[in-house]
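Morning, everyone. I have one structure to walk through today. Please have a look at it on the screen.

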Amino acid sequence: MKILVTGGAGFIGSNFIRYWLKHHPKDKVINFDSLTYAGHLESLKDVENNPNYSFVKGDITNQEEVNKAVKDVDIIVHFAAETHVDRSILDPLVFVKSNVIGTQVLLEAARKFKTRFHHVSTDEVFGALELNTKDKFSHNTKYQPNSPYSASKAGSDHLALAYYTTFGVPVTVTNCSNNFGPFQDTEKFMPRMITNLIDGRNILIYGDGKYVRDWMYVEDHCHAIELVLLKGRVGETYTVGGLTEDISNLELAQKILKIFGLPESRIEFVKDRPGHDRRYAVDWSKIHDELGWEPSKNFDERLEETVRWYQKNEWWWRGIKEKSESIYK
Ligand code: NAD
Ligand code: DAU
């Protein structure tokens, strides 16, 4: 099988490529990425000489480049996007271009070449849940995005499913909660906390810190996508989440401080994010019941492994951090 991975130089895309080459060593994987500030080919150093891996520099908003890449692949796994909510508040236009137009351009190619299309999306399209409730997002939840990022991802989800209904493109969609693990850009909360502590700085908590995310390990996400590609029903949406039981940002910071052996005085409260979604939680029973997927149960171990990874891999993140911190100045 020949798989085109868009956004393969990003966090989840690079983990997915490594995962796929390991579990499907006979398949060919093509990484299609325009290398924005978030694209790092260094994340794939260990597979760059694998004869079944190749890289194509290209932009998903460019139909010609996309058609050339899609022409003879069997599956498109679409990760490429602008992904940072804080950036979408500073500069929404590029989110609409890459996430909405880029997805439409890819779907046109999938339609033209009759290619299977998997769209990787987010739980943020469903908006926010209340604290202290048992509510969860599922494939039946109404879309109610609150940030330019989530609104653009919502647009891309609708386009993907519309191409299935209108043109019969074999589309599947996954809406996943917050991922963590190696090779995540230091602009995101978990690596920002870890690398700030490594640098002797404080953890910066937006607002009151009583915001809840449904954390899951990136490899679990890769496994979920694998199952949907191999056994999922086309035209369907699968929601994917973790097992962290409503851990708040503040509690997550406390766990990380414990791993470092540092006091809670290293937490600093800063100005809140506008439109900040209070709580995310995902019901993953559909992908569990239909495809046998479930998240791994060892969150604390995975968290500690992730901290150790950043401690050992400063070569990877040091340059990235300098650039990502510049958006906060
Ligand atoms: P990321 O920001 O780490 O990487 C995005 C990648 O896309 C980069 O390599 C970048 O160069 C590439 N890219 C951006 N615009 C492009 C364009 N116009 N043409 C070609 N390449 C382009 O992203 P991530 O965190 O790995 O997220 C990947 C996907 O998963 C996104 O679609 C995101 O919405 C979704 N998602 C992310 C999370 C999460 O927690 N990170 C959770 C659920 C869903
Ligand atoms: O839910 C899935 C989404 O998770 C993905 O679709 C997005 O691409 C991904 O970026 C992530 O979005 P969040 O906004 O939840 O992630 P972020 O890491 O930016 O923030 C996580 C939480 O931590 C959120 O409540 C904001 C807060 N935060 C973030 C930063 C960067 C802080 O308190 N301090 C920080 O420094």
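I will take the ligand site, then the nonpolar core, then the cysteines.

One caution before the details: this is a predicted model.

Let's start with ligand 1. Which residues are closest to ligand 1? They are Ile-12, Asp-33, Thr-83, Tyr-149 and Lys-153. In total, 28 residues surround the ligand.

What is the make-up of that shell by class? There are 12 nonpolar residues and 13 polar ones. Charged residues number 3.

Now the contacts to ligand oxygens. Take Lys-153 to begin with. An N or O atom in the Lys-153 side chain sits 2.6 Å from an oxygen atom of ligand 1. Tyr-149 also uses its side chain: an N or O atom there is 2.7 Å from a ligand oxygen. Phe-11 works through its backbone instead. A backbone N or O atom of Phe-11 is 2.9 Å from an oxygen atom of ligand 1.

How much of ligand 1 does the protein cover? On its own, the ligand has 840 Å² of accessible area. The protein covers 96% of that.

Next, the elements behind this shell. Helix H1, residues 11-23, supplies at least two shell residues. So do strand E5, 116-122, and helix H5, 148-167. Which element gives the largest share? That is E5, with 3 residues.

On to the nonpolar core. Nonpolar side chains tend to be buried together in soluble globular proteins. The largest nonpolar core here has 26 residues. Within that core, Met-190, Leu-252 and Ile-256 touch the most other members. Five elements are worth pointing at on the screen. Helix H6 (189-198), strand E8 (203-206) and helix H8 (249-260) each give two or more residues to this core. Helices H10 (299-312) and H11 (314-325) do too. H8 gives the most, with 6 residues.

Last, the cysteines. How many disulfides does the structure hold? The count is 0. Why is Cys-176 not bonded to Cys-222? A disulfide needs two cysteine sulfurs within 2.5 Å. The Cys-176 sulfur is 9.4 Å from the sulfur of Cys-222, its closest cysteine sulfur, so the gap is too far for a bond. From the other side, Cys-222 has the sulfur of Cys-176 as its nearest, and Cys-222 is in no disulfide.

Are these two cysteines buried or exposed? Cys-176 has 4% relative accessibility, so it counts as buried. Cys-222 is at 1%, so Cys-222 counts as buried as well.

That's the tour. Over to you.

Note on methods:
Residues numbered from 1 in each chain as written. Chains lettered and ligands numbered in written order. Predicted model: local features only at pLDDT ≥ 70, side-chain atom pairs only at ≥ 80, totals over all residues. Heavy atoms only, no water. Buried < 20%, exposed > 50% of the residue type's maximum accessible area, 1.4 Å probe, protein only. Near = heavy atom within 4 Å. Polar contact = N/O pair within 3.5 Å; in protein donor to acceptor, adjacent residues only side chain to side chain. Areas by Shrake-Rupley, 256 points an atom, 1.4 Å probe, with all protein chains shown as cover. Helix = DSSP H or I, 4+ residues; strand = E, 2+ residues; numbered from the N terminus. Nonpolar A, V, L, I, M, F, W, Y, C, P; charged D, E, K, R; others polar. Core = buried A, V, L, I, M, F, W, Y, C linked by side-chain atoms within 4.5 Å.
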